[in-house]
Amino acid sequence: MDLQLSTNLLLLTSFVFAFTLNAFFKWFSSKKQSSTAATKLPQSPSALPLIGHLHLIGKVLPVSFQSLARKHGPLMEIRLGASKCVVVSSSSVAREIFKDQELNFSSRPEFASAEYFKYRGSRFVLAQYGDYWRFMKKLCMTKLLAVPQLEKFSDIREEEKLKLVESVAKCCREGLPCDLSSMFVSYTNNIICRMAMSTRCSGTDNEAEEIRKLVKTCLELAGKVSVGDVLGPLKVLDFSGNGKKLVAVMEKYDQLVEKIMKEREAMGMKKEGMRKDILDMLLETYRDPTAELKITRNDMKSFLLDVFMAGTDTSAAAMQWAMGELINNPQAFNKLREEIETVVGSKRLVKESDVPNLPYLRAVLRETLRLHPSAPLIIRECAADCQVNGCLIKSKTRVLVNVYAIMRDPELWKEAEQFIPERFLESSGEKIGEHQMEFKGQNFRYLPFGSGRRGCPGASLAMNVMHAGVGSLVQRFDWKCVDGQKVDLSQGSGFAAEMARPLVCTPVDCFNTF
Ligand code: HEM
């Protein structure tokens, strides 16, 4: 009996010992692995004291990052003065950020301008991933920017498209060149303004026009103040005075929108069946006692500001690039014109409902966004220490995914620098396909609207606006460059991706039978 017991005990002890030893070795080797990996940091070009890598940055940020990545790899650390970030330049590392570690990279960092923002903490676009962001995102996808809601506004987009075409036709009649850049900005602003607050913001001398100007100034000042990140703690001194200016402009915007909101509240709830704009729906949520989260007046004003900032210049810039590329590529222009003539005819203009039957038009805009993404650097923040591409990324690190570089990567795209809409046709050998998921950024080489839960909620709206606008201008007019040369397709400086020079061209009316 004793012998049996001691044998059992011995067996048990040996088993526990072997198990413990095994566990220890596993722990030790994983510790060793992770500590080796944990010490590996992203590569970085050699930096100068104080300024870091500022001397390596040219006029166009995504282009500078693209050429630095060729030497320093798809994950590199860049320091601009006091501001540090990690730049991602390959599809496989983008997949790690957007998919494999999606939750860890679902927040955005705060910029220097945040301190001067009246709605700090209320910004949906810049919100940390959490309850507030989740609530607003759900509201966007189920109500404010949901596809059925967008359909209710299709008549507004149709009217604004006709106004755009009419203003070009007017240039033809008067024999004047037309500034397509500013026409596209009015087109997208009016659509967003009418969808948001049921009023146009150009051609009128009302509050909507004032809001448009204030939003534009806010955007410019916020951009300038954010450059202050480079100064680190010194930024509080606000040397340029732009911080104070931003506070003043925000105050004006706030008063104006508060007034509009009060007027709307005084009118009472809209009756069932009446069309509700974004402001009506926000007010409904604000008053809803059963809402999962109580939104504030600041949240509403801030959301309207976000929609103006994120939704107008982005689509306008993409339309300029599309027209510029088409004017410089007459073969693509003629192919598109022929497709529209065959499908739509010449008695009416292209409508949004024609778009499913116009694969080449869709391909033209997809190819435009590949070469000229309106948001070339997608900004995220790392929530907790993690490893990406075998390197340690510390929590709170700013991450910039250079989708401009990824969408021009010659390893991923044939003749990557060329405008070839055909690659997006179903018959193309490149097999990008026409799958809807393209715009959800799930193939990680085509990312114009970002990816995953933090991806752009305005993609469908943007595509509707751009297809109808560009399609109609190609259908109805021939286009010539003012100097008879090609359109200058150089990229402007700064974070956004406008053309360096406004697109001014001479239209020729082909037929005015509409
Ligand atoms: C050509 C037009 C547009 C482009 C290329 C574009 C692109 C983008 C990109 C790349 C992002 C960041 C996505 C990410 O982090 O993964 C974004 C975010 C956003 N976009 Fe767009 N966008 C466009 C039009 C619009 C429109 C029309 C609206 C609304 C009316 C809009 C509203 C937003 C908002 C609210 C966000 C922030 C989403 C969040 O942080 O959760 N965008 N957009």
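# A guided tour, from loop to iron and back

Glu415 is a good residue to select at the start, and you will find it in the loop between α15 and α16. Keep in mind throughout that what you have open is a predicted model. Glu415 has a positive phi of about 40°, although this residue is not a glycine. With a relative accessibility of 55%, Glu415 counts as exposed, because the cut-off for that word is over 50%.

Stay in this loop and select Phe444, which also lies between α15 and α16. Phe444 is another residue other than glycine with a positive phi, here near 60°. Is Phe444 buried or exposed? Its relative accessible area is 1%, so Phe444 is buried.

**The iron atom**

Now move along to Cys456, which sits in the loop between α15 (403-406) and α16 (459-476). If you display the ligand as well, which atom of the protein serves as a donor to its iron atom? The SG atom of Cys456, at 2.3 Å, is the only protein donor of that iron atom. The unreviewed UniProt entry carries the annotation "binding site" for Cys456. Cys456 has a relative accessibility of 38% and therefore counts as partly exposed.

**Strand β4**

Next, select Arg380, which belongs to strand β4, made of residues 377-381. Arg380 is buried, since its relative accessible area is 1%. If you show what surrounds this side chain and leave aside neighbours within four places in sequence, you will find Arg380 in contact with a number of residues, among them Phe98, Arg108, Thr397, Arg454 and Gly455. To see how the chain comes back to this place, draw a distance between the C-alpha atoms of Arg380 and Thr397, which are 17 residues apart along the chain and separated by 8.6 Å.

In the same strand, β4, select Glu381 together with Lys396 from the loop between β6 (391-393) and β7 (398-402). Side chains of opposite charge can pair when their charged atoms come close. Here the side chains of Glu381 and Lys396 meet in a salt bridge, with 3.4 Å from N to O. Because Glu381 is in β4 and Lys396 is in that loop, the pair ties together parts of the chain that are 15 residues apart in sequence. The two partners can also be described by their accessibility: Glu381, at 8%, is buried, whereas Lys396, at 55%, counts as exposed.

**Helix α3**

Select α3 and look at Ser91, Val93, Ala94, Glu96, Ile97 and Phe98, which are buried. What covers these buried residues of α3? The cover includes strands β1 (75-80), β2 (83-88), β4, β5 (386-388) and β7, and also helix α15.

**A network between helices**

The count of salt bridges in this model comes to 33, and several of them can be visited together. Select Asp254, Glu258, Lys262, Glu265, Arg297 and Lys301, which are linked in a network of salt bridges. Within this network, Asp254 forms a salt bridge with Lys301, their closest N and O atoms being 3.1 Å apart. Asp254 is in helix α9 (residues 242-266) and Lys301 is in helix α11 (residues 297-311), and this pair links distant parts of the chain, 47 residues apart. Asp254 counts as buried at 8% relative accessibility, and Lys301 counts as buried at 4%.

Lys301 also forms a salt bridge with Glu258, and here the closest N and O atoms are 2.8 Å apart. Since Lys301 lies in α11 and Glu258 in α9, this second pair ties together parts that are 43 residues apart in sequence. Both Lys301 and Glu258 are buried.

From Asp254, turn to Lys118, which is found in the loop between α3 (91-100) and α4 (131-144). The C-alpha atoms of Lys118 and Asp254 are 8.4 Å apart in space, although the two residues are 136 residues apart in sequence. Not counting residues up to four places away in sequence, Lys118 touches Met250, Glu251, Asp254 and Asn298. At 34% relative accessibility, Lys118 counts as partly exposed.

**A nonpolar patch**

For the last stop, turn on the surface and select Leu48, Leu50, Ile51 and Leu54, which make a nonpolar surface patch of about 360 Å². Leu54 lies in the loop between α1 (2-39) and α2 (61-72). With a relative accessible area of 35%, Leu54 is partly exposed.

Definitions and conventions. Residues numbered from 1 in each chain as written. Predicted model: local features only at pLDDT ≥ 70, side-chain atom pairs only at ≥ 80, totals over all residues. Heavy atoms only, no water. UniProt positions renumbered as here; feature names shortened; annotations may be inferred. Helix = DSSP H or I, 4+ residues; strand = E, 2+ residues; numbered from the N terminus. Buried < 20%, exposed > 50% of the residue type's maximum accessible area, 1.4 Å probe, protein only. Patch = residues over 30% accessible without salt bridge, like charges linked within 9 Å, V, L, I, M, F, W, Y side chains within 5 Å. Areas by Shrake-Rupley, 256 points an atom, 1.4 Å probe, with all protein chains shown as cover. Salt bridge = Lys/Arg side-chain N within 4 Å of Asp/Glu carboxyl O. Donors = N, O, S within 2.8 Å, 3.2 Å for Na, K, Ca; no water. Contact = heavy atoms within 4.5 Å.
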